[in-house]
2 protein chains.
Amino acid sequence: MWEAKLVSAVGSKGKGQGAKGKRSSKDAPQQNRVRTVKEIAAIAKVSVATVSRALQRPEIVSEATRQHIHEVVKRLGYTPNALARNLRTARTRLIVALLPDIANPFFSEVIRGIEQVAHESGYSVLLGETQSSLVREQAYADMVAARQADGIITMSHRVPAIPINGRLPVVNACEYVKDPQISSVYVDNVAAAGAAVDYLVTLGHRDIAFIAGPSSSPICVDREQGYRLALQRAKIPANSALATVGDFSIEAGERAIELLLSQGQSFSAVFCSNDEMAIGAMRALSSHGLRVPEDVSVVGFDDIRFARYTSPSLTTIAQPKNALGREAMTMLIELLNDPEVPPRKRVLSADLVVRGSTAPRVSRRG
Amino acid sequence: MWEAKLVSAVGSKGKGQGAKGKRSSKDAPQQNRVRTVKEIAAIAKVSVATVSRALQRPEIVSEATRQHIHEVVKRLGYTPNALARNLRTARTRLIVALLPDIANPFFSEVIRGIEQVAHESGYSVLLGETQSSLVREQAYADMVAARQADGIITMSHRVPAIPINGRLPVVNACEYVKDPQISSVYVDNVAAAGAAVDYLVTLGHRDIAFIAGPSSSPICVDREQGYRLALQRAKIPANSALATVGDFSIEAGERAIELLLSQGQSFSAVFCSNDEMAIGAMRALSSHGLRVPEDVSVVGFDDIRFARYTSPSLTTIAQPKNALGREAMTMLIELLNDPEVPPRKRVLSADLVVRGSTAPRVSRRG
DNA sequence: CAATGCAATGTAATGGATTACATGAAATCG
DNA sequence: CGATTTCATGTAATCCATTACATTGCATTG
């Protein structure tokens, strides 16, 4: 009964059947789409198994049958129902990449790396923007528990809880999580930040301010440590008044500089935990009549696309963004193929890119 | 039990637990996760129907039963299999937003609008980056045919082919497509571009160059038309040598200026079809010793986040990005709820935002 | 008190594809 | 030539949740 009903609604071979207005079967001979293996099987006069096989593993079906089925499938525009397929096979070939903020250009290139590797291995990538909200992260993570996706690459320092047995199909990129069970890829933030500050030191700077990122993020802690160690190496006494914190936004960079200036701090260089804060810093400096780099040198971190186009262009630490993405996806695929592979923490290196926002320190400003 | 497990996995509080190695069923008494309604039903001593009802429509289950089932579900960490559910109900509450390029900050805000409305209506949004590739667009669109997503918001000027009957569950945002069956939301590009050029005219500019976007995109054609019409209004004869084309990238903006300058064209203002090309243009101008806005005024289009932070900050046309997203998602939801709603082309207005990159024309440079 | 209605729950069909197992025909072997 | 593989295909079980329809028990009503 309800079968018949459904078929007529969906397959609707019949005459007018007149769902909507006219549209008689004459002037709209538009073949109704066939939707199920069953129907394809009936039309091709083979069994559903053969249809399925012709589509999934063509080599085990005889040449003639295969061609015939493909012809029918094509002619009728049949697309297998992925839900049914995935339900049965328990895999989706879909992975979700969680990023805190699509507006942050840093992630774009990472995503591209992820997608390259994913496509090579027959996976599709869907992006979920979390806005660093635990709830949103969790919502996307639940897609894995609910079997709508095979795995997750998360770019925050948290690992969402996924109620499944065994290894979580999660890889962490750009950030890192302490959990030794979770594979991560990230750069050596201590070394990179150190290199940035070392460079400022070689330019003669000694009063080097620092704008940290959120301390909840381990990589920010590392960058700060890199800064500290570099000062130690240079035998520059740490001046905690020169270290401020921001939230990675352009505005935070501006505010940090406003704060330092209003406190009357003197510094000839600023190292920022990311490029956007560096952009904000540059802007605040110049709106206070301080020239970059003549009066104050500025160094960022990430090397986002716009870093090249600020004026002056930004000296920064270039993260291997594409490699981070590729590596993360590679590890996730390994993990999906074999839940036994041991988790790894993979550390890439990041290099200093010298551009126009840094210059040797000059005697004294003012 | 499993809670404890999870905590130990995530927070990694516990002792060794020794993840690998042994793992005999004795020292790993880890309760296997329950995965199906059936199991939950058995444990709760009710039928599968009751479990399903308790989860889907709690109000039709008696208070006591409901609480009991919820308790069991929670205790065992059961997540219903979304594939099975979606297969049965034939809806996923998932929509895919296709964007040409995540690196383009213009889309970020649009996405946010989409997500706001989506969440209000219980939909999740997944993003697909297409890199303007037809193949990629098609791949994501196939998810709808394969029933993995309910609908699509596309931000390009193409509508992917989806082999289904009736109305395509597709809405077009930011761009627009000719197909009258597809709803679109976009701004009045002719008027907006006109306003930008009108403004330059009121500043005294008469030699106004134009950097167009790809002509395959209808909105770019419109922006160009807006430019033309504004010149007509101002009785400025069109000088086709001043109109160039770019591909929306920063580099394209640079190249366009290089080209104009190398041709010896003289102009005191440039209107660019998007902000990134405007950023490139500013950079190329200043690297040729031309000051913005003293020598040349620059106007962009979009008002991306960085437009405020260039130096000088960029005068541009602010698209109502959030509204574009919200409206698109609203229309898509309407369409999903009722395939009969007539398609609409919704046109929003975009306003000029005057910042530092424009100034009155001065006598003559050099 | 029988009749009727309603609330709560159970049974089983259903969605669409995959695939283990079964079958039949053709090919290979001793 | 009968026995054994091999190949191609078919039949039916399976994945897991939803829900139409059936059933049961109890309250309401005339």
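Colleague: What makes up the domains of chain A in this predicted model?
Modeller: Chain A is divided into domain 1 (32-80), domain 2 (91-187 + 321-349) and domain 3 (189-319). The bounds come from an automatic or database domain assignment.

Colleague: How far apart are the centres of domain 1 of chain A and domain 3 of chain A?
Modeller: The centres, taken over C-alpha atoms, are separated by 62 Å.

Colleague: What does chain A contain by way of helices and strands, and how many of its residues are buried?
Modeller: Chain A has 12 helices and 12 strands. Of its 366 residues, 48% are buried. To be called buried, a residue needs 20 or more other C-beta atoms within 10 Å of its own.

Colleague: What share of the contacts in chain A with a separation of 6 or more comes from residues 24 or more positions apart?
Modeller: Such residues account for 68% of those contacts in chain A.

Colleague: How do you know what relation links chain B to chain A?
Modeller: Chain B is superposed on chain A by a rotation of 180 degrees, with 0.1 Å of shift along the axis. The RMSD is 0.1 Å. That is therefore the relation of a two-fold axis.

Colleague: Why say that the copies meet through the same surface?
Modeller: Because 87% of the interface residues of chain B are also interface residues in chain A.

Colleague: How many residues does the contact take from each chain, and which elements of chain B supply them?
Modeller: Chain B gives 45 residues and chain A gives 44 residues. On the side of chain B that touches chain A, at least two residues each come from α1 (2-10), α5, α6, β2 (124-129), α7 (134-145) and α11 (275-287). By class, that side of chain B has 25 nonpolar, 13 polar and 7 charged residues.

Colleague: How do you know the span of helix α6 of chain B fits what is expected?
Modeller: α6(B) covers residues 105-120, which is 16 residues. From first C-alpha to last, α6(B) reaches 24 Å, close to the 22 Å expected at 1.5 Å a residue. Its buried residues include F106(B), F107(B), V110(B), I111(B) and I114(B). After α6(B) comes G122(B), with a positive phi near 80 degrees.

Colleague: Why does the span of helix α8 of chain B agree with its expected value?
Modeller: α8(B), residues 189-202, has 14 residues and should span 20 Å at 1.5 Å a residue. Its end C-alpha atoms are 20 Å apart, so the two agree. Among the buried residues of α8(B) are A192(B), V197(B), Y199(B) and L200(B). G204(B) follows α8(B), and its phi is positive, near 100 degrees.

Colleague: Which residues come closest to DNA strand C?
Modeller: T36(A), A49(A), A84(A), S47(B) and A49(B) are the closest of the 31 residues that surround DNA strand C. A residue counts as near if its C-beta atom lies within 6 Å of the strand. α3(A) gives the most to this surface, with 6 residues. The surface near DNA strand C divides into 15 nonpolar, 9 polar and 7 charged residues.

Colleague: Which residues come nearest to DNA strand D?
Modeller: Of the 28 residues around DNA strand D, the nearest are S47(A), A49(A), T36(B), A49(B) and A84(B). Elements giving two or more residues to that surface include α5 (82-89) of chain A and α2 (37-44) of chain B. α3(B) gives the most, with 6 residues. The classes near DNA strand D are 13 nonpolar, 9 polar and 6 charged.

How values were computed: Residues are numbered from 1 along each chain as its sequence is written. Chains are lettered from A and ligands numbered from 1 in the order in which they are written. This is a predicted model: local features need pLDDT of at least 70, side-chain atom pairs count only at pLDDT 80 or more; totals for chains, interfaces and linings use all residues. Helices (H or I, at least four residues) and strands (E, at least two) are DSSP runs, numbered from the N terminus. The expected span of a helix is 1.5 Å times one less than its number of residues. A residue is buried if 20 or more other C-beta atoms lie within 10 Å of its own, exposed if 12 or fewer, and partly exposed in between; C-beta atoms are placed from the backbone. Ala, Val, Leu, Ile, Met, Phe, Trp, Tyr, Cys and Pro count as nonpolar, Asp, Glu, Lys and Arg as charged, and the others, Gly among them, as polar. Copies are superposed by least squares on the C-alpha atoms of residues with pLDDT of at least 70 in both. Two residues are in contact if their C-beta atoms, placed from the backbone, lie within 7 Å.
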